[in-house]
Amino acid sequence: MRTARLLRSSIFRLALIYLSFFSLAVLFLAAVVFWISAGQVSRQIDNTIEAEVRGLAEQFSQRSTPGLIEAIRRRSAAADRTRGLYLLVDPAGRPLAGNLSRWPDEQADEDGWLTFRLAFPDSEGGGVNFGRARTFVLPSGLRILVGHDVRERDRLSAQIGEIVVFSLATILGFSVVGGLLMSRALLRRIETINSTSRDIMAGDMGRRVPVSRRGDEFDQLAGNLNAMLDQIERLLAGMRQVSDNIAHDLRSPLSRLRSGLELALIEKPGSAGYREAIAKAIGEADDLLRTFTALLRIAQAEAGTSRDRFAAVDLKALVEDVIELYAPLTEDLEIAIDVTPLQALARPGDRDLLFQALVNLMDNAIKFSDRGGRIGIGVEQRGELAVLSVRDRGPGIPEDQRGQVLQRFVRLEQSRSTAGSGLGLSLVEAVAHLHDGQLVLSDNAPGLRADLILPL
């Protein structure tokens with residue numbers, strides 16, 4: 001429950017931060033829209049005033065002051081429709097024409113633009129508004145003001161502001177609702193993962209995280225977790241199998257070791273029987289040590305602890321050393337070694353483990369070869385791969401049992417009578433995986449072909 005509360009708190013904080021940034025973005029966008037809209041209306045008013053000024057200037061140039069007065073009166077009469085503002089005063093400031101009662105008190109800027117207050121009569125709704133105008137001084141001393149009532153602009157700006165506020169409130173409302181719904185959906189999916197994890201920790205190793213059809217990041221996470229759980233389950237099953245196999249396969253050697261030591265206690269010290277019992281006990285102990293050494297090497301290879309010791313390995317020289325090691329034994333057994341052309345190949349790796357892998361393959365080949373038989377060994381390049389192969393002409397391994405012999409302590413019926421612990425091929429496969437390669441068993445017709453395939 002505490003984890004769920006912390007998760008909800010974290011998601012709420014993230015949603016709040018997201019909402020804050022989104023709100024700021026919406027506010028900025030609303031301000032930009034308002035500024036552009038109001039600016040567009042203001043520019044339109046200024047353009048209208050400039051057009052009025054050009055028209056009155058044309059009237060003044062053609063018909064002098066009387067024509068100008070007549071034009072102003074005519075346009076003032078239509079001001080209710082056009083929202084135009086006009087005023088022509090003499091040098092003393094007395095109005096001569098226009099729809100303004102007096103000259104504004106405000107001062108124009110250096111470009112002649114003037115913004116001033118307007119008081120509307122009660123018949124027009126009353127209230128205070130503003131006008132924007134251009135002012136000029138004519139050569140005769142007359143002053144002229146041409147402007148526009150900005151009441152519509154302010155009304156439009158207010159409407160735009162209301163629309164922006166309403167839109168902002170609506171967007172924020174939908175954002176809050178959407179954030180809550182998204183947070184709940186997110187919480188449900190995370191809680192599903194937590195629930196599955198709790199069931200697994202309680203011992204239900206068969207549980208898996210449900211995967212939807214969305215294919216989103218949560219599904220990818222669920223798939224990775226399920227793959228990890230599958231791998232953990234396989235490892236645990238392997239550990240149980242190894243434990244069972246160790247208990248089964250080491251029981252007999254330990255029993256023989258104990259029996260031999262008991263027999264040694266019965267024999268007279270220094271007698272032939274005493275020495276024979278001690279020798280057998282030492283042999284059994286050596287077999288046990290070899291078994292545990294093989295298990296340790298497999299564990300090290302599977303854990304990848306020796307990757308930091310990788311160095312360039314001459315594969316041709318490695319095969320030659322294995323051939324030299326087994327030359328005396330094969331000569332005594334009258335077993336011929338067929339060496340395929342050895343190609344000079346090299347790649348990074350753990351030389352000791354690669355050497356041990358080839359030794360295990362050679363042990364198996366010699367073990368299942370008859371006196372006077374033949375075995376083959378070689379190294380060659382296939383594309384971007386190096387293939388170290390060991391071949392024999394023994395009974396071979398049936399195709400449906402080749403996967404079983406790679407498991408620890410697994411021995412087929414035809415090998416029960418031969419010495420060994422059933423760990424040789426398991427070590428070879430672990431070494432292959434450590435070097436990003438694989439061990440492939442195939443039919444040598446007759447016999448078995450074991451290929452240790454390593455990428456270059």
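Glu52 is located in helix 1, and in this predicted model its relative accessibility of 19% places it among the buried residues, since the cut-off for burial is under 20%. Leaving aside residues up to four places away in sequence, Glu52 is in contact with Arg75, Tyr86 and Val146. Helix 1 covers residues 2-77, while strand 1 comprises residues 84-89 and strand 5 comprises residues 143-149. Strand 1 and strand 5 run antiparallel and are joined by six bridges, with Gly84 standing opposite His148 of strand 5. Strand 5 is itself mostly covered, six of its seven residues being buried.

Helix 1 also carries Phe21, which, in contrast to the buried Glu52, is exposed, with a relative accessible area of 58%. Phe21 is classed in this way because its value lies above the 50% limit for exposure. Together with Ile17, Leu24 and Leu27, Phe21 forms a nonpolar patch on the surface, for which the combined accessible area is about 430 Å². As a general point, an α-helix has 3.6 residues a turn, so residues three or four places apart point the same way.

An intermediate degree of accessibility is found at Asp287, a residue of helix 6 (residues 272-303). Asp287 has a relative accessible area of 33% and is therefore partly exposed, as the bounds of this class are 20% and 50%. Asp287 and Pro253 are separated by 34 residues in sequence, and their C-alpha atoms lie 8.0 Å apart in space.

Further along the chain, five strands make up an open sheet with mixed pairing, in which the strand order is 7-9-10-12-11. Its edges are formed by strand 7 (336-339) and strand 11 (438-443), each of which pairs on one side only. On average, and with direction ignored, neighbouring strands of this sheet are turned by 15° against each other. Within the sheet, strand 10 (residues 385-391) pairs with strand 12 (residues 448-455) in the antiparallel sense over seven bridges, and Leu385 is placed opposite Pro455 of strand 12. Helix 8 (residues 351-367) packs on the sheet, where it touches strand 7, strand 9 (374-382), strand 10 and strand 12, and the direction of helix 8 makes about 30° with that of strand 10.

A further helix, helix 9 (residues 424-434), lies across strand 11 and strand 12 and runs at about 130° to strand 11. Helix 9 is mostly covered, with eight of its 11 residues buried; the buried residues are Leu425, Ser426, Leu427, Val428, Ala430, Val431, Ala432 and Leu434. Just after the end of helix 9, Asp436 adopts a positive phi of about 60°.

Taken over the chain, the model contains nine helices and 12 strands, and 36% of the 456 residues count as buried. Among contacts with a separation of 6 or more, 62% are accounted for by residues 24 or more positions apart. The chain exposes about 27200 Å², of which carbon and sulfur atoms supply 57%.

Note on methods:
Residues numbered from 1 in each chain as written. Predicted model: local features only at pLDDT ≥ 70, side-chain atom pairs only at ≥ 80, totals over all residues. Heavy atoms only, no water. Pairing = 2+ DSSP bridges. Helix = DSSP H or I, 4+ residues; strand = E, 2+ residues; numbered from the N terminus. Axes fitted to C-alpha atoms, helices over the stretch in contact; angles between N-to-C directions. Contact = heavy atoms within 4.5 Å. Patch = residues over 30% accessible without salt bridge, like charges linked within 9 Å, V, L, I, M, F, W, Y side chains within 5 Å. Areas by Shrake-Rupley, 256 points an atom, 1.4 Å probe, with all protein chains shown as cover. Salt bridge = Lys/Arg side-chain N within 4 Å of Asp/Glu carboxyl O. Buried < 20%, exposed > 50% of the residue type's maximum accessible area, 1.4 Å probe, protein only.
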